[in-house]
Amino acid sequence: MTGVAVLAARRTAVVPRGGAFRDMEPFALAAALIGPLLADAGIAPDAVDEVILGNALSGGGNLTRVAALAAGLPQSIPALTLDTQCCAGLDAIRMGAARIASGEARFVLAGGVESFSRAPLRARRPSTKDEAPQFYRQPAFTPWPEREPDLAAAAAELARAEGITREAQEAFAMESHRRALAAASPAGEIVPVNTIAADPFARVLSPALLARLPVIAGDAAHGVTAATTAVEADAAALVLLGPGGEAVSYTHL
């Protein structure tokens, strides 16, 4: 067993759906980070043993393989795409670390990428010639449709059950945006893509502005609004993992 280190870390800006990344396929967002990561750590492309990315929206296939090839990595390097929904990017990093710790790999590129702008439309094939395709937003997570509320509805129900008021949610959102505006990203963290080198979503929020937003799920007292739910966005974030130890050069941590 060997230690594992993050040798370099890079990301794109996080751009809301329909913004500057609206025409970029998700593989291109991920591919834009691979070259800078390898340059940061001084690692040659053919030294990479595997690429592992998390993705939930692309509808299947091996997005990671496409990203690796688009970035110019050799065809001999294996690539794997994970879909564990919101945990996928972190699970990809955990799997990459496990590969290195077990001695199966030395250098692994890992992370996650999503594009709400380019997510495919999903439809179930008609069972008879007289039926039309049935479009759906996301695949089933359980065998029981009645137990699968939309994310906003689930958040609103949790807020009601835990007594988290709309005002408390909005106060949290205001503070979150304030901190985002006050915190500058470390130099080199964001790779400019389509000339975008900063997160465009953070803004100054006020109680008066938030009070005017309609509730999209839940009741008036505990419901969630567009300001208190996660933004649908396009972005990628990757790390280069390698063996830990004194001989390793650590950059962009």
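**Close-up views of a predicted model**

**View A. Two arginines with their charged ends over aromatic rings.** The charged end of Arg 124 sits over the ring of Tyr 136, at 4.1 Å from the ring centre, where sitting over a ring requires NZ of Lys or CZ of Arg within 6 Å of the ring centre and within 35 degrees of the ring normal. Arg 147 has its charged end over the ring of Trp 144, 4.1 Å from its centre. This is a predicted model, in which local features need pLDDT of at least 70 and side-chain atom pairs count only at pLDDT 80 or more, while totals for chains, interfaces and linings use all residues. Residues are numbered from 1 along each chain as its sequence is written, and side-chain values use heavy atoms, with hydrogens and water left out.

**View B. The largest nonpolar core, with 32 residues.** A nonpolar core is a set of buried Ala, Val, Leu, Ile, Met, Phe, Trp, Tyr and Cys residues joined through side-chain atoms within 4.5 Å, and buried means under 20% relative accessible area, exposed over 50% and partly exposed in between, for a 1.4 Å probe and protein chains only. Val 51, Leu 73, Leu 109, Leu 238 and Leu 240 touch the most other members of this core. Two or more residues each come from β1 (4-11), α1 (26-41), β3 (50-54), α2 (63-70), β5 (108-115) and β8 (233-243), these being DSSP runs numbered from the N terminus, with helices (H or I) of at least four residues and strands (E) of at least two. The element that gives the most to this core is α1, with six residues.

**View C. The surroundings of Val 51.** Leaving aside neighbours within four places in sequence, Val 51 is in contact (heavy atoms within 4.5 Å) with residues including Thr 64, Ala 68, Leu 73, Ile 77 and Leu 109.

**View D. Helix α3, residues 88-101.** This helix of 14 residues reaches 20 Å from its first C-alpha to its last, close to the 20 Å expected, the expected span being 1.5 Å times one less than the number of residues. Its buried residues are Ala 88, Asp 91, Ala 92, Gly 96, Ile 100 and Ala 101, and they pack against β1, β3, β4 (79-82), β5 and β8. Following α3 is Gly 103, whose phi is positive, near 90 degrees.

**View E. Cys 86 and Cys 87, without a disulfide.** The whole structure holds zero disulfides, a disulfide being a pair of cysteine sulfur atoms within 2.5 Å. The sulfur of Cys 86 is 6.8 Å from the closest cysteine sulfur, in Cys 87, which is too far for a bond. Cys 86 is exposed, with a relative accessible area of 75%, whereas Cys 87, at 44% relative accessibility, counts as partly exposed.
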